[in-house]
Amino acid sequence: MSAHRVAVVAPSPVSMFNLAIPEMLFGKVVTEGRPGYEVLVCTADPGPVPTTGGLDLHVPHGLDALEDADTVIVAGTGAPFEPDPRIVAAVRAAAADGKRIASLCTGAFQLAEAGLLHGRRATTYWEHADELRRRYPQVDLQGDVLYVQDGPYLTASGYAAGIDLCLHVIRTDYGAAVANRVARLALVAPVRPGGQTQFTQTPLPPERGTACADVRGWAMRNLDKPLTLTDLARHAGVSVRTLTRRFHAESGVSPLQWLLHQRVERAKELLETTTLPMDQVARACGLGTADSLRAHVLRRTGLTPSAYRAQFSRLGTVGRAASSSVA
């Protein structure tokens, strides 16, 4: 299998952070001993490209790189309200060829100018969301999500949300096990839901402390057990009230909300990487019964477990190994 080709477009002045994300994450995907992606950075005027940090980056490739790409990602720019007509035309042509198109941060303005987001859900950096809404009222702007996918078009909000979008792309292409391995190698959070139709829930806020890290780790290792607030508090050596207060301060949610989120994420990974029957998946992630599994997965993803498996299954050697280990 040949590597999936990703063309990253650098509008001027480009965000260096945005440019680094695709290479950092896609470059860590290896399947059957071979790279899963080939990443190429390109721009409208090959050569030195100004960045938002005041430096110049040398980008040797022009926009013709989009012709051979499978996925096109437009990085954010410090001049979001001045879409480059050459980039707009190239992105529009790539979309007409059926390529997957994505934007990071303010790159969404280029996609909107190209007409790709007309009548579709999208997002951008929160500071410029009102301006995008004013300029492109036909866009169904989602202002409170990490990223959105509507058909073949993906948009991420700002900064670190680009990491979430790229991990979502890897998960779509190669499955949860590969995406989570890449997240571990890059020392970033595992795949988080962002706002796609299949992922409608609000993602967990970033953790802001380590006092409950031990109990979170212990809970993750015991997701198959019927854990209660009392169990969590006992392991932490504090009262239920103290645990709840500390947990919410660090995680932004209650212990049981966090636990349910982790159970559903484990269920999704098992659905993707194993052929376990639904009742075994439910027990392995602590959701108890197949009916409970169905209710929670449907609420969180918009899909039944069987439909989710049919859409996202990446069975192979990794899946068979996972199935054997869990069973």
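**Exposure, ring pairs and salt bridges**

Colleague: What is the relative accessibility of Gln138?
Modeller: Gln138 counts as partly exposed, a class between buried (under 20% relative accessible area) and exposed (over 50%), with a 1.4 Å probe and protein chains only. The model is predicted, so local features need pLDDT of at least 70 and side-chain atom pairs pLDDT 80 or more, while totals for chains, interfaces and linings use all residues. Residues are numbered from 1 along each chain as its sequence is written, and side-chain values use heavy atoms, without hydrogens or water. The value for Gln138 is 42%.

Colleague: How far is the C-alpha atom of Gln138 from that of His118?
Modeller: Gln138 sits in the loop between helix H4 (129-135) and strand S10 (140-141); helices (H or I, at least four residues) and strands (E, at least two) are DSSP runs numbered from the N terminus. His118 is 20 residues away along the chain. Their C-alpha atoms are separated by 5.2 Å.

Colleague: How many aromatic pairs does the structure hold, and what is the angle between the planes of Phe81 and Phe109?
Modeller: There are seven aromatic pairs, counted for rings of Phe, Tyr and Trp (its six-membered ring) with centres within 6.5 Å; planes under 30 degrees apart are stacked, over 60 edge-to-face, the rest tilted. Phe81 and Phe109 are one of them, edge-to-face with centres 5.4 Å apart. The pair joins the loop between S7 and helix H2 (85-96) to helix H3 (residues 108-113), 28 residues apart. The angle is 65 degrees.

Colleague: Which residue of the pair Phe81 and Phe109 is buried?
Modeller: Phe81 has a relative accessible area of 32%, so this ring is partly exposed. The other ring has 1% relative accessibility, so the buried residue is Phe109.

Colleague: How far apart are Arg86 and Asp45 along the chain?
Modeller: Their side chains meet in a salt bridge at 2.8 Å, N to O, where the term means a side-chain nitrogen of Lys or Arg within 4 Å of a carboxyl oxygen of Asp or Glu. Arg86 is in helix H2 and Asp45 in the loop between strand S4 (37-42) and strand S5 (47-50). The separation is 41 residues.

Colleague: Where do Arg135 and Glu131 lie, and why are they about one helical turn apart?
Modeller: Arg135 and Glu131 form a salt bridge, 2.6 Å from N to O. Arg135 is partly exposed at 35% relative accessibility. The two residues are about one helical turn apart because they are four residues apart in helix H4.
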